[in-house]
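Here's a walk through one structure, taking in surface charge, strand pairing and salt bridges. Have the model open beside you as you read.

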Amino acid sequence: MPENSHFIDGQWHEGEGDSIAVENPTTAEEITTVNNATEGEIEEALTAARSAQVAWGRRPPVERGALLRETASVIAENVEELSDLLIEEQGKTRSVAEFEVSATAEYVRYMADWDRRIEGEILPSDDQGESIHLVRKPYGVVGAIIPWNFPLFVLFRKLAPALVAGNTVIAKPSEETPLSTLRMWELVEEEVDFPDGVVNFLTGDGSVGEGITSSDVLDLISFTGHRDTGIAIAREAAKDLTETQLELGGKAPAIVWKDADIEKAVERILKANTSFAGQLCTSVERIYVHSDVQEEFERTYTDAAEDLSVGDPAEDPDMGPHVNEAELEKTRDAVERAREEGAKILTGGGPPADRTKGYWYEPTVVTDIDQDSVLMDEEIFGPVSPIVSVSSFDEVIEYSNETEYGLSAYVYTDSYSTAMRGAHEIEFGEVYVNRTLGEALQGFHTGWNQSGNSGEDGKHGALKYTRLKTVYHNYGDGEPGW
Ligand code: NAD
């Protein structure tokens, strides 16, 4: 268990603010408490990050990359301990928790290698004896606000590219899941010699997030979380024109066309709906099935959902609990409202019979609904699969795009033209054809519309933590410029 709540200017602090309980969602029992950062602690962290930035930004990128590679090694050496904490504070199944920790180490290694790849450009000048350089500079101080669903991976999606580019960071884990982050940094900080103030952690709830993101010390806010929080942060940031990178929620459609391999589609969509109890931004949240194959799809999908094991995440079943009471209530409420609309529940629709404590909901398959159903609108973030029958591809494209979100979408078909139409006409930032979830670290995970305004991973994600400067080098004896 971590012993402190904050890491500021190279020092651990127990914290002086109110305490927040951290719960184990498997049992709803309290694990420990952490302290909400006070205004003074937020100010200290901002000052430390600002003071450290100039020297950090001037270091050769390869030195920054080396520290990140050492960080990756520490994370990779502690997969078991960090996974145990993820399971305990968050309810992730063992294999998903181990995947998160290993994938985080891999991600940090990948981003560290941008140390020799962040390049500028040299442009031809209109004047004799002049060359124009576009150079990439760090923003300065980055505020990184993290959700509870991938506390380590999403954290390093921001931290690694920010640091390699020469920014300093103040990061805030979610109040639901601070323990894995704090313990990870205890392990890293013992082994890796980051200068004081380059990385700072503050623990706390939304008020601490607001305290960080409303500061005019920040040059960039990188936020992952709920759409409504993202909008609130963007409004606040607009007051002093602080740059924002917002990675928000989704309402992913999965289209199953009449020529699809149904077994493959069932297996992959079910995985994209129930992995981590449906609490992923890329989770399938709506299924549109061609009417010719609807009966076969529903039967096979329902059977497969009933075969999933649901239980203690430490024992690595297919699915564990929701993270907390509020998330469980959101799922429960959406299904109850669908029931009132006349929807038919093919399986699930409540907690597993053997679970009396904790935040549990069974894999749930719902049919006899249409596009107007409550289940097709807001992000649910639970293992609920609403199925709507469709018969024309124009109609299914229209339905898929009929949402404020635009993150991930899925198309299952054996037809080249159907796949190409889906890939190009669905107005989402990423489309998976005949494939379940899991984005590549060299790709670009980007939400369109109200799913965000930026993107992460790969070249384009790395460069998001830099801004361009133009430098005119005049060495001729002519009269350049105006
Ligand atoms: P959330 O918005 O409730 O909280 C996210 C973080 O913001 C937490 O650290 C919280 O303390 C902080 N916060 C809350 N109010 C704030 C405020 N006013 N100002 C600043 N910070 C504030 O989200 P959540 O419930 O933790 O995460 C789930 C959401 O995240 C889902 O919508 C999911 O789709 C989304 N998500 C998106 C991606 C992506 O890559 N697009 C990845 C993971 C999760």
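On the surface of this predicted model, Arg-58, Lys-137, Arg-467 and Lys-469 gather into a patch of positive charge. Arg-58 belongs to helix α1, which covers residues 39-58, and with a relative accessible area of 71% it's exposed. Helix α1 also holds Glu-39, another exposed residue, with a relative accessible area of 71%. If you want a long span to look at, try Glu-39 and Asp-292: their C-alpha atoms sit 60 Å apart, with the two positions 253 residues apart in sequence.

There's a negative patch on the surface too, made up of Asp-9, Glu-16, Glu-44, Glu-70, Glu-77, Glu-190, Glu-191, Asp-193 and Asp-196. Helices α2 (61-77) and α6 (179-191) each put at least two residues into that negative patch. Asp-193, for its part, is in the loop that runs between α6 and β9 (199-201), and it counts as exposed because its relative accessible area is 63%, over the 50% cut-off.

Now for the strands. β5 (residues 121-124) and β6 (residues 130-138) run antiparallel and are joined by four bridges, with Leu-123 standing opposite Ile-132 in β6. The two strands make a hairpin with five residues between them, and Gly-129 in the turn has a positive phi of about 70°. β6 also pairs with β19 (residues 466-474), again in the antiparallel sense, over nine bridges; there, Leu-134 faces Thr-470 in β19.

Strand β15 (residues 364-367) has partners as well. Three bridges tie it to β14 (residues 344-347) in an antiparallel arrangement, where Lys-344 is opposite Thr-367. Another three bridges link β15 to β16 (residues 384-390), this time parallel, and Val-384 in β16 is the bridge partner of Thr-364. Which way do the side chains of β15 point? Thr-364 and Val-366 go one way, Val-365 and Thr-367 the other, and all of them are buried.

Over in strand β10 (residues 220-224) you'll find Leu-220, which is buried with a relative accessible area of 0%. Its C-alpha is 36 Å from that of Asn-434, a residue 214 positions away along the chain.

On to charge pairing. Side chains of opposite charge can pair when their charged atoms come close. How many salt bridges are there? The count comes to 27, and three of the pairs are worth pulling up:

| Salt bridge | N to O distance |
|---|---|
| Arg-69 and Asp-115 | 2.6 Å |
| Asp-228 and Arg-227 | 2.9 Å |
| Glu-329 and Arg-332 | 2.7 Å |

The pair of Arg-69 and Asp-115 links distant parts of the chain: Arg-69 is in helix α2, and Asp-115, 46 residues away, is in the loop between α4 (94-112) and β5. Arg-69 is partly exposed at 26% relative accessibility, whereas Asp-115 is buried at 7%.

For the neighbours in the table, Asp-228 is partly exposed at 44% and Arg-227 is buried at 7%.

Glu-329 and Arg-332 are three residues apart in helix α11 (residues 325-341), so about one helical turn separates them. Glu-329 is partly exposed, with a relative accessible area of 37%, and Arg-332 is partly exposed too, at 31%. Elsewhere, salt bridges with shared partners connect Arg-227, Asp-228, Glu-378 and Glu-404 into one network.

Notes: Residues are numbered from 1 along each chain as its sequence is written. This is a predicted model: local features need pLDDT of at least 70, side-chain atom pairs count only at pLDDT 80 or more; totals for chains, interfaces and linings use all residues. Side-chain values use heavy atoms; hydrogens and water are left out. Buried means under 20% relative accessible area, exposed over 50%, partly exposed in between (1.4 Å probe, protein chains only). Two strands pair if DSSP finds at least two bridges between them. Patches are made of residues with over 30% relative accessible area and no salt bridge: like charges are joined within 9 Å, nonpolar side chains (Val, Leu, Ile, Met, Phe, Trp, Tyr) within 5 Å. Accessible areas come from the Shrake-Rupley method with a 1.4 Å probe; for residues, only the protein chains shown count as cover. A salt bridge is a side-chain nitrogen of Lys or Arg within 4 Å of a carboxyl oxygen of Asp or Glu. Lys and Arg count as positive and Asp and Glu as negative; His and the chain ends are not counted. The place of a charge is taken as NZ of Lys, CZ of Arg, CG of Asp or CD of Glu.
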